[in-house]
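Here are some exercises to work through with the sequence and the model side by side. Try each task yourself before you read its solution.

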Protein chains: 2
Amino acid sequence: MLTSMKSIIDKALTLPRQTVAVACAQDAEALTAVAEAHAMGLADFILVGNTDKIKAIAERIELDLTAFELLDARGEACGAAATVQVVASGRAQILLKGFVDSSVLFKAVLDRDAGLRNGSTVSHTVVMDVPGFDKLYLLTDAAMIIKPDLATKRQIVLNAVKVARALGNPDPVVGVLCESEKVNPKMPATMDAAALVEMNARGELPGCRVGGPYALDNAISEQAARHKGMKDPLAGRADILLAPDLAAGNIFYKSLMYFAHARSAGVVMGTRAPVLLNSRADSHQTKINAVALGILMAAKGA
Amino acid sequence: MLTSMKSIIDKALTLPRQTVAVACAQDAEALTAVAEAHAMGLADFILVGNTDKIKAIAERIELDLTAFELLDARGEACGAAATVQVVASGRAQILLKGFVDSSVLFKAVLDRDAGLRNGSTVSHTVVMDVPGFDKLYLLTDAAMIIKPDLATKRQIVLNAVKVARALGNPDPVVGVLCESEKVNPKMPATMDAAALVEMNARGELPGCRVGGPYALDNAISEQAARHKGMKDPLAGRADILLAPDLAAGNIFYKSLMYFAHARSAGVVMGTRAPVLLNSRADSHQTKINAVALGILMAAKGA
């Protein structure tokens, strides 16, 4: 089982080389990531976007573009659509977001005619390597689905389980995060949690073990769970952390990045090819991490 | 302006000595905190609860109880009610939660006859000292109010502003946390954020400057805000972080404690005396921090 971001990159380097299409590559951090990932031997890249701007940025940051295919597409919407087409046609196996608004990119990815939909619920899972912790946490959904209902939460979990499997974890523990560890009708997320646990017990949510509702401490700390007198054998042992909604998931994700200095790699699942979503404010290292995770996911055919 | 948990304790040591009533003091971590805080000269304590258990625990952890007043009250509900009475009568100025469920304690605190209500909205603010950051963040509400509406959010902010003032910050910046930094009708918290900003501009939310909606990175990192092209001069400069709801607030709070190794001190405002709420899983140091914050709040008459 992979337990660090470095081990994800090391594993990706052992897999057959794949091609990543970068949507709107006219961004210094994205181009730095592309150059570094290519130099490491991680992947090949097709740079889609405003080629004039791409060349100007490359010159400014002294980057050699000769190893990359460039594909001209001006404007965010056009760049996103052209990148989706490159992936849909099979010329690239992975899509990496560059300097484009997530909502614009998703319009292209989710387009029912030209897009990458495969009929599944599309959700985002981010892998977190937090300093001082000897395991990877998978957090979902911190980027896409605003207020998931119970059926959507089930799909979000199933998508995250695929990511866990690509990381070599055959039986991940899902911790359903809530306001409290008690089922409380005033807190609907706690009722969803109880339902997810029961669906898991009945075989309706396979491939994982589901525990909850948990406050965050009960999900990740066996000691905190014991101190509260919890008997649940999964308490404190979560691998996948399911957020109650996007606000909680996004704030949690960003608190790990900014306050706990975590390294992360995010991937969108439920599409025909992995889509690597990241914030434009992310560092190039975060983008390299995402590429490595995308390679693992694409190799699994997930 | 105080910028660390240590400076809160140092400041509390300069203030007139006050008395803290401990609700259900039959807990090793609580008694260790009480003994340590007393030895430091931080406060005097009245230990309310099961005196047999209190004495047995004190013996086990080799703790001298002679300096403390003991008040026998068996059972959580009874212990909570008796502690509230000690504070309401003026024998103690601050209430510290011991080994009692928060919901039981709050029933006693909020009791309209015997309790500590003063007519205000009762909400929780937690002061966070995160390693590597040279300021204190105030986070609210991470413990009490499940789904605040706009009017309640305004009251929660006003309560937190009192805490900021007790810490010597006369003009705190409130960052309204959301799923995104854009106002989006599909995300009601972003509309609340825009309304709070406008209420602040009109003088209807005084004593602070309000910015938002912010994703967490835009609230605390000027660099992240700039990279996203935000022009808002308050972006990245928040002192008080207002969570969209309890789930997000509690998960954020616990992620700072468990993943970012923050030190915290929590206080309930909107009551006639500061009520120090903490998790039973918290360390005795967290309880000492809360006592120090309570002393600052009680000294302000807040």
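The exercises below go from a strand to ring pairs, cysteines, the two chains and some backbone angles.

**Conventions**

This is a predicted model, in which local features need pLDDT of at least 70 and side-chain atom pairs count only at pLDDT 80 or more, while totals for chains, interfaces and linings use all residues. Residues are numbered from 1 along each chain as its sequence is written, chains are lettered from A and ligands numbered from 1 in the order in which they are written, and side-chain values use heavy atoms, with hydrogens and water left out.

**Exercise 1. Place strand S1 of chain A in its surroundings: is it buried or exposed, and which strands pair with it?**

Step 1. Fix the terms. Strands (E, at least two residues) and helices (H or I, at least four) are DSSP runs, numbered from the N terminus. Buried means under 20% relative accessible area, exposed over 50%, and partly exposed in between, with a 1.4 Å probe and protein chains only.

Step 2. Check burial. Strand S1(A) spans residues 19-23, and five of its five residues are buried, so it is largely enclosed by the rest of the structure.

Step 3. Sort the side chains. In a regular strand the side chains alternate between the two faces of the sheet. Here Thr19(A), Ala21(A) and Ala23(A) point one way, and Val20(A) and Val22(A) point the other way.

Step 4. Find the partners, where a pair needs at least two bridges found by DSSP. S1(A) pairs in the parallel sense with strand S2(A) (residues 44-49) over five bridges. Ala21(A) stands opposite Ile46(A) in S2(A). From S1(A) the chain passes through helix H2(A) (residues 28-40) to S2(A), in a right-handed β-α-β crossover (with the strands pointing away from the viewer, the path from the first strand over the helix to the second runs clockwise). S1(A) is also joined by four bridges to strand S4(A) (residues 94-97), and these two run parallel. Ala21(A) stands opposite Leu95(A) in S4(A).

**Exercise 2. Classify the ring pairs of Phe133(A) with Tyr137(A) and with Phe259(B).**

Step 1. Set the cut-offs. Rings of Phe, Tyr and Trp (its six-membered ring) pair if their centres lie within 6.5 Å; planes under 30 degrees apart count as stacked, over 60 as edge-to-face and the rest as tilted. The structure holds 10 aromatic pairs over all chains.

Step 2. Take Tyr137(A). Its ring and that of Phe133(A) have centres 6.1 Å apart and planes at 70 degrees, so the pair is edge-to-face. Phe133(A) is partly exposed at 23% relative accessible area, whereas Tyr137(A) is buried at 4%.

Step 3. Take Phe259(B). The ring centres of Phe133(A) and Phe259(B) lie 4.8 Å apart with planes at 45 degrees, so this pair is tilted. The pair crosses between chains, from the loop between S5 and S6 of chain A to the loop between H10 and S10 of chain B. Phe259(B) is buried, at 2% relative accessibility.

Step 4. Connect the rings. Ring pairs link Phe133(A), Tyr137(A), Phe252(A) and Phe259(B) into a cluster.

**Exercise 3. How many disulfides does the structure hold?**

Step 1. Apply the test: a disulfide is a pair of cysteine sulfur atoms within 2.5 Å. The search finds zero over all chains.

Step 2. Look at two examples. For Cys78(A), the nearest cysteine sulfur belongs to Cys24(A), 8.5 Å away; Cys78(A) is partly exposed at 40%. For Cys178(B), the nearest is that of Cys208(B), 16 Å away; Cys178(B) is buried at 0%.

**Exercise 4. Which turn and shift lay chain A on chain B?**

Step 1. Superpose by least squares on the C-alpha atoms of residues with pLDDT of at least 70 in both copies. A turn of 180 degrees and a shift of 0.0 Å along the axis give an RMSD of 0.0 Å.

Step 2. Interpret. The two copies are thus related as by a two-fold rotation axis.

**Exercise 5. Where do His261(A) and Glu62(B) lie, and what is the phi of each?**

Step 1. Recall the background: most residues other than glycine have a negative phi, and most peptide bonds are trans.

Step 2. Read the angles. His261(A) has a positive phi of about 55 degrees, and Glu62(B) also has a positive phi of about 55 degrees.

Step 3. Locate them. His261(A) is in the loop between H10 and S10 of chain A and is partly exposed at 48%. Glu62(B) is in the loop between H3 and S3 of chain B and is exposed at 75%.
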